[in-house]
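Student: Could you walk me through this structure and tell me how each label is earned?
Tutor: Gladly; here is the sequence with its structure.

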Amino acid sequence: MTTQPLSARRQLGRSELRVSPLCLGGNVFGWTAGEKESFEVLDAFLEAGGNFVDTADVYSHWAPGNVGGESETILGRWVKARGARDRVIVATKVGSKMPTGEGLSERHIRRAVDDSLRRLQVERIDLLYAHKDDPRTPVEETVRAFDALVRAGKVRVVGASNFSAERLGASLELARREGLVRYEALQPNYNLVERVDFEGPLEALCRRERISVAPYYGLAAGFLTGKYRQGEPRPASPRAASVLQRYGTARGWAVLEAVRAVASRRGASPAQVALAWLLAQPTVVAPIASATSAVQLRELLGFERLVLSPEDLAELDVG
């Protein structure tokens with residue numbers, strides 16, 4: 001009998017959505033994972049009980065020859081080929097620069113969502129994030145645009161990504177005052193190495209408002225998987241140089257050393273420890289992690305059964 005380590009479900013904010021405790025990141029689809037490999041990863045995720053998949057309209061524009069929308073297109077083809085629409089929660093994002101525009105104006109949001117619906121081959125997006133704050137656009141215009149999409153049946157639930165506590169709080173207050181749809185999820189950059197931007201006012205706001213957090217870069221772009229070692233040649237990866245530039249600091253190596261120590265003691269992998277730490281945080285509903293192969297994905301899945309002790313958590317709390 002096939003076990004399903006991700007079969008448990010968690011409520012997303014105050015919404016009707018119930019998601020698996022791991023969100024599969026689609027940023028690699030159409031980049032370091034071609035369509036065949038992406039399908040294999042998605043199949044393995046579904047088989048394991050996962051139902052929460054994250055993408056964005058802009059993924060993966062950075063790959064040579066891409067313009068954006070490649071990840072959504074692959075995900076849409078997989079959903080249709082597998083008849084999986086009722087078994088997956090599809091999350092995507094709007095606001096990053098695309099050939100058709102950028103930002104969180106009502107006009108751009110409306111056009112971008114129609115493009116995403118076409119690429120995803122779905123009638124409704126389950127979770128739509130504002131990909132990043134747009135200070136040029138009034139909060140009211142963005143919130144009302146999202147509200148209109150929900151009322152039109154094109155989106156079920158909305159969320160925010162890369163917002164400050166001040167701007168997120170202003171959006172929530174407007175929604176409460178005007179009876180509009182509110183953000184139910186936040187997607188911040190948050191992991192064992194990068195904590196300062198989330199922990200503090202932003203985390204406190206999420207706890208107070210019951211906003212669920214689905215952090216991206218949960219594995220610090222692969223740094224916390226253990227494949228990087230100080231003083232050794234970097235892995236053969238398209239993003240290895242940028243990963244080391246970003247995380248290969250004194251603190252980064254100290255965190256990785258602590259992760260390896262806990263992993264060795266608990267009979268787990270460093271990636272499992274990093275994800276288990278995120279899941280132990282009170283506001284986190286599902287960390288986001290990507291995989292370029294089914295084998296790589298299956299290695300990650302043991303994190304859910306890894307309950308870190310107070311001693312483990314203290315060791316991982318590297319200053």
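The questions below go from strands and helices to unusual backbone spots, salt bridges and aromatic rings.

Student: What should I know before we start?
Tutor: This is a predicted model, in which local features need pLDDT of at least 70 and side-chain atom pairs count only at pLDDT 80 or more, while totals for chains, interfaces and linings use all residues. Residues are numbered from 1 along each chain as its sequence is written, and side-chain values use heavy atoms, with hydrogens and water left out.

Student: What makes strand β7 "mostly covered"?
Tutor: Strand β7 spans residues 155-161, and six of its seven residues are buried. Buried means under 20% relative accessible area, exposed means over 50%, and partly exposed is in between (1.4 Å probe, protein chains only). Strands here are DSSP runs of E with at least two residues, helices are runs of H or I with at least four, and both are numbered from the N terminus.

Student: How do you know that β6 and β7 are paired?
Tutor: Two strands pair if DSSP finds at least two bridges between them. Strand β6 (residues 125-130) is joined to β7 by five bridges, and the two run parallel. In this pairing A130 stands opposite A160 of β7.

Student: Which strand pairs with β7 over four bridges?
Tutor: That is β8 (residues 183-187), again in the parallel sense. Within β8, A185 is the bridge partner of G159.

Student: Why is the crossover from β7 to β8 called right-handed?
Tutor: The test is to point the strands away from the viewer: a crossover is right-handed if the path from the first strand over the helix to the second runs clockwise. Here the chain leaves β7, passes through helix α5 (residues 165-178) and reaches β8 in a right-handed β-α-β crossover. Strand β6, helix α4 (residues 139-151) and β7 also make a right-handed β-α-β unit.

Student: What makes you say that helix α7 has a buried face?
Tutor: In α7 (residues 240-247), the residues A240, V243 and Y247 are buried. Seen down the helix axis, the buried residues of α7 fall within an arc of 60°, so they line one face; the arc is that of the directions from the axis to the C-beta atoms. As background, an α-helix has 3.6 residues a turn, so residues three or four places apart point the same way. The buried residues of α7 pack against α8 (250-266), where contact means heavy atoms within 4.5 Å.

Student: What makes the backbone unusual at Q121 and A220?
Tutor: Most residues other than glycine have a negative phi, and most peptide bonds are trans. Phi of Q121 is near 60°, a positive value, and phi of A220 is near 50°, also positive. Q121 lies in the loop between α3 (106-120) and β6, and A220 in the loop between β9 (212-213) and α7. Q121 is partly exposed at 40% relative accessibility, whereas A220 is buried at 0%.

Student: Where is there a cis peptide bond?
Tutor: A cis bond joins Y59 and S60, with omega about -10°. S60 sits in the loop between β4 (52-54) and α2 (70-82).

Student: How do you know that R82 and D43 form a salt bridge?
Tutor: A salt bridge needs a side-chain nitrogen of Lys or Arg within 4 Å of a carboxyl oxygen of Asp or Glu. The closest N and O atoms of R82 and D43 are 2.8 Å apart, and the pair meets that cut-off. R82 lies in α2 and D43 in α1 (residues 35-47), so the pair ties together parts that are 39 residues apart in sequence. The structure holds 27 salt bridges.

Student: Why is R177 called exposed, and what about its partner E178?
Tutor: R177 has a relative accessible area of 53%, so R177 counts as exposed. E178, at 40%, is partly exposed. Their salt bridge has its closest N and O atoms 3.6 Å apart.

Student: What makes the W31 and W62 pair edge-to-face?
Tutor: Rings of Phe, Tyr and Trp (its six-membered ring) pair if their centres lie within 6.5 Å; planes under 30 degrees apart count as stacked, over 60 as edge-to-face and the rest as tilted. W31 and W62 are 5.4 Å centre to centre with 80° between the planes, and the pair is edge-to-face.
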